[in-house]
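Reader: I'd like a close look at one part of this model, namely the strands and how they pair up. Could you walk me through that, and then set it against the chain as a whole?

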Amino acid sequence: MALPLTRSYREEITVENFTKEELIVLSTEAVEALGWEISLMTANGLVAYTNKGLFSWNAEIKIMVQDNSVNIQSTSTGSEWFDWGKNNRCVNNFIG
């Protein structure tokens, strides 16, 4: 029997009354407030890492902005088979 590998979690939220640029700025501020380190920024979003330490669970967070929606994906960077809901919590912490 194959076990499902839950190493990532993705959610899309719809946001009204903000431009794409404003959503990227707000996303950047949220990432910084959470203490995540931004690795890459583009005109469409950003990539950040939780960086909780060498021997701790870590995640890559991708935030992509399209018109009035924001896609947030958290993916485990380690070799564990299950994330035990940690990626879900990262996304929910970002959404706040």
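Author: What follows goes through the strands pair by pair, stops at a few residues, and ends with the whole chain.

One thing to keep in mind from the start: this is a predicted model. The chain has 2 helices and 5 strands, and if you read along the sequence they come in the order β-α-β-β-β-β-α. The radius of gyration is 14 Å, close to the 12 Å that the globule rule gives for 96 residues, so the chain is as compact as a globular protein of that length.

Let's start with the pairing of β4 and β5. Strand β5 covers residues 69-76, and it pairs with β4 in the antiparallel sense over 8 bridges. If you want a landmark in that pairing, look at E60, which stands opposite T75 in β5. The two strands form a hairpin with 2 residues between them.

D67 is in the turn of that hairpin, and it's worth a stop. Its phi is near 50°, a positive value in a residue other than glycine. That catches the eye because most residues other than glycine have a negative phi. D67 has a relative accessibility of 63%, so it counts as exposed.

Now for the other partner of β5. Strand β1, residues 8-14, is joined to β5 by 7 bridges, and these two run antiparallel as well. Here the landmark is E12, which stands opposite N71 in β5. So β5 has bridges to β4 and to β1. How much of β5 is buried? The count is 6 of its 8 residues, so β5 is largely enclosed by the rest of the structure.

S69 is a good residue for seeing this up close, and it is found in β5. With 10% relative accessibility, it counts as buried, since the cut-off is under 20%. Leave aside the neighbours within four places in sequence, and S69 is in contact with E12, I13, T14 and M64. Of these, E12 is the residue that stands opposite N71 in β5.

M64 leads us on to the next pairing. It is the bridge partner of G45 in β4. Strand β3 takes in residues 45-49 and β4 takes in residues 59-66; 5 bridges join them, and they run antiparallel. That gives β4 bridges to β3 and to β5.

So what does a residue in β4 touch? Take I61, which lies in that strand. Its relative accessibility is 1%, so it counts as buried. Not counting residues up to four places away in sequence, I61 touches W36, L46, V47, A48, T50, I72, Q73, S74 and C90. L46, V47 and A48 are among those contacts, and β3 spans residues 45-49. I72, Q73 and S74 are also among them, and β5 spans residues 69-76. You can also set I61 against V31: the two are 30 residues apart in sequence and 9.2 Å apart in space, C-alpha to C-alpha.

The last pairing is β2 with β3. Strand β2 runs over residues 37-42 and pairs with β3 in the antiparallel sense over 5 bridges. V47, which we just met as a contact of I61, has L40 standing opposite it in this pairing. Like β4 and β5, β2 and β3 form a hairpin with 2 residues between them.

There's one more backbone spot to look at. N17 lies in the loop between β1 and α1 (20-33). Its phi is near 65°, again a positive value in a residue other than glycine. At 76% relative accessibility, N17 counts as exposed.

Now step back to the whole chain. Its C-alpha trace spans about 45 × 30 × 20 Å along the principal axes. Buried residues make up 31% of the 96 residues, S69 and I61 being two that count as buried. Of the contacts with a separation of 6 or more, 47% are between residues 24 or more positions apart. The accessible surface comes to about 6100 Å², and 53% of it belongs to carbon and sulfur atoms. As for charge, there are 7 positive and 12 negative charges, and their mean positions are 10 Å apart.

To trace the pairing yourself, go from β1 to β5, on to β4, then to β3 and finally to β2.

Terms used:
Residues numbered from 1 in each chain as written. Predicted model: local features only at pLDDT ≥ 70, side-chain atom pairs only at ≥ 80, totals over all residues. Heavy atoms only, no water. Helix = DSSP H or I, 4+ residues; strand = E, 2+ residues; numbered from the N terminus. Rg over C-alpha atoms; globule rule 2.2 N^0.38 Å. Buried < 20%, exposed > 50% of the residue type's maximum accessible area, 1.4 Å probe, protein only. Contact = heavy atoms within 4.5 Å. Areas by Shrake-Rupley, 256 points an atom, 1.4 Å probe, with all protein chains shown as cover. Lys, Arg positive; Asp, Glu negative; His and termini not counted. Charge placed at Lys NZ, Arg CZ, Asp CG, Glu CD. Pairing = 2+ DSSP bridges.
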